[in-house]
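Good morning, everyone. Please bring the structure up on your own screens and follow along as I go.

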Amino acid sequence: MLFNTFSCVLIRRTCAYRVTTYTHYSVKPWRKLRICEALSTQEIGTQVRIQGWVRSVRSQKENLFLHVNDGSSLQSLQVVASAELNCRNLTFGSSVEVSGNIVKSPHKKQAVELKANQIRVIGECDPVDFPFKVKERHALEYIRQFPHLRCRTNAFSSLLRVRSEASSAIHSFFRENHFVQIHTPVISSNDCEGAGEIFQVEPAVQDKTLDEESHHFFSVPAYLTVSGQLHLEVMAGAFPRVYTFGPAFRAETSHSRRHLAEFYMVEAELSFTESLEDLLTVMENLFKFTTECLLSRCAEDMELYHKYVAPGHKERLDLMLKEKFKVITYTEAIDLLSRSSQKFEFKTEWGCDLQTEHEKYLVRHCGSVPLFVINYPYELKPFYARDNEDQPRHTAAAVDLLVPGVGELFGGTLREERLEVLRTRLARAGLEESLQWYLELRRFGSAPHGGFGMGFERYLQCILGVENIRDVVPFPRSPDSCIL
């Protein structure tokens, strides 16, 4: 009797009772598995189908050995097949579909392998022209030259899995702590930081119907957002805890390894708080929760960076998680810098902004654990920072979190909720007219509140030990890098 792949029906008639019965026979179809699922399966003998890219090919007289990876794990699945299944197009980098049976592996480094009975090459790859070579460990500086192909390397595929899990962990932290997610706009009329480092948005083709005197598409100048903070403050008037996680843009002309034109920001606002301590607690908990999740869920990927990219960084990261973050005032920080025997490029006097060299020194001096610096000079901080009204040194209720190897990771302030104080500050900055709506937030049921922002890419630099920020983004955007 002939059976199809999935099921068949055998009809059996019993003449005496003229009754027809049906018996169903099921034949299990080929199961399509991701590589990570195939590697962890306990079902020896299962017929499976995998799809992915060839990481290595080794042909012997009677057998063919492949390693296939689909991005679901750092480890590849070994495929063993008859040499008869080999073909000219089966090369390193080609995309394939392989069908066969899961069998126990005789090798100690892997529990299972795939005994293939069919290999189909889907996409060819010329290994001579392909910029990455089998069995070569390419430096991050080299793979940075190929932003359209670097996801094929172990280092960058690990980075993308870590990045994905970090995003998930951040959302989980805020959800578990009762924050409401807000999708803040990418196009805004506000320069939140007031530094002028903004990209203006206009249509590529000008609409001739627009008024010549008001030729802007949105009737007012519009920019790519530098921060979602002001929009979060709007929502903080109705929800005690809100956050956003999205892209931000800065038109900095710096070509340094610390700056990007496009990056992601995690920002949060807390209502009914009058203490910087509340912000510090959330910042520290967010950092530790996210990092512990990554060490648990992405152990192999994290280990790759800690072993080959930044040897010894795992111990430094463990120290950050173990120790409570330290706190000093800006005035204490300047005192430490002034008494240091180290020669700094930038001045270290009260009222100056802390530079990266200062931040890294302070972290090392305080035991190489994350360090909160609080109460910065009032004139250094934006219009929304709350005035501490202290003398003789005038400070604002502001905080930066400095971390080893990176410097500033978080920045936050208590927001100025007092209407007249804020009005005076806006008038001095020439922003009172354009930010009338912001003043109105203080007129209608205002509550003391504060918030912070964290650069997502800087966080990845911190936990992985990566020096160049362009090595932790899928597609770098900087003055000299925007080819995709």
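Let's start with a salt bridge. Asp335 and Arg339 meet through their side chains, at 3.1 Å from N to O. One thing to say early: this is a predicted model. Now, how exposed is each partner? Asp335 is partly exposed, because its relative accessible area is 37% and the class starts at 20%. Arg339 reaches 58% relative accessibility, so it counts as exposed, the cut-off being over 50%.

Here is another pair. The side chains of Glu349 and Lys347 form a salt bridge too, with 3.6 Å between N and O. Glu349 is partly exposed, at a relative accessible area of 44%. Lys347 has 53%, and that makes it exposed. Elsewhere, Arg49, Glu97 and Arg120 are joined into one network by salt bridges that share partners.

One more pair to look at. Glu37 and Arg34 meet in a salt bridge, side chain to side chain, at 3.6 Å from N to O. Glu37 is partly exposed, with 32% relative accessible area. Arg34 is partly exposed as well, with 44%. How many salt bridges does the structure hold? The count is 23.

Now let's step back to the whole protein. There are 484 residues, and 46% of them count as buried. The secondary structure comes to 12 helices and 18 strands. The protein exposes about 25,500 Å², and carbon and sulfur atoms supply 51% of that area. Then look at contacts with a separation of 6 or more. Residues 24 or more positions apart account for 64% of them.

On to the sheet. Eight strands make an open sheet with mixed pairing. Read across, the order is β9, β12, β13, β18, β17, β16, β15, β14. Which strands stand at the edges? They are β9, residues 180-181, and β14, residues 326-329. Each has a single partner strand, so one side of each is left without a neighbour in the sheet.

A helix goes with this sheet. Helix α3 spans residues 154-176. It lies across β9, β12, β13 and β18. Against β12, which covers 241-249, helix α3 runs at about 150°. For orientation, β13 is 262-271 and β18 is 449-455.

Let's zoom in on β16, residues 395-403. Is β16 enclosed or open? Nine of its nine residues are buried, so β16 is largely enclosed by the rest of the structure.

Take the β15 side. Strand β15 runs from 371 to 377, and it pairs with β16 in the antiparallel sense over six bridges. You can follow that pairing residue by residue. Phe372 has Leu401 in β16 as its bridge partner. Pro377 stands opposite Thr395 in β16.

Now the β17 side. Strand β17 covers residues 407-414. Six bridges join β16 to β17, and the two run antiparallel. One of the bridge pairs is Val403 with Gly407 in β17. Together β16 and β17 form a hairpin, with three residues between them. In that turn, Gly405 has a positive phi of about 80°.

Next, the surface. Which residues form a nonpolar patch there? Val186, Ile187, Phe217, Phe218 and Val220. Together they have about 430 Å² of accessible area. Pick out Phe217. Phe217 sits in the loop between β10, at 187-188, and β11, at 223-224. Its relative accessibility is 52%, so Phe217 counts as exposed.

Last stop is another loop residue, Glu84. Where is Glu84 placed? In the loop between β6, residues 77-82, and β7, residues 95-104. Buried or exposed? Glu84 counts as exposed, because its relative accessibility is 73%. And compare sequence with space. Glu84 and Leu64 are 20 residues apart in sequence, while their C-alpha atoms are 8.3 Å apart.

To recap the main stops. We saw 23 salt bridges. We saw an open sheet of eight strands. We saw β16 largely enclosed, with nine of nine residues buried. And we saw a nonpolar surface patch that includes Phe217. Thanks, and over to you.

Conventions: Residues are numbered from 1 along each chain as its sequence is written. This is a predicted model: local features need pLDDT of at least 70, side-chain atom pairs count only at pLDDT 80 or more; totals for chains, interfaces and linings use all residues. Side-chain values use heavy atoms; hydrogens and water are left out. Patches are made of residues with over 30% relative accessible area and no salt bridge: like charges are joined within 9 Å, nonpolar side chains (Val, Leu, Ile, Met, Phe, Trp, Tyr) within 5 Å. Accessible areas come from the Shrake-Rupley method with a 1.4 Å probe; for residues, only the protein chains shown count as cover. A salt bridge is a side-chain nitrogen of Lys or Arg within 4 Å of a carboxyl oxygen of Asp or Glu. Helices (H or I, at least four residues) and strands (E, at least two) are DSSP runs, numbered from the N terminus. Buried means under 20% relative accessible area, exposed over 50%, partly exposed in between (1.4 Å probe, protein chains only). Two strands pair if DSSP finds at least two bridges between them. Contact means heavy atoms within 4.5 Å. Axes are lines fitted to C-alpha atoms, for helices over the stretch in contact, and angles run from 0 to 180 degrees between N-to-C directions.
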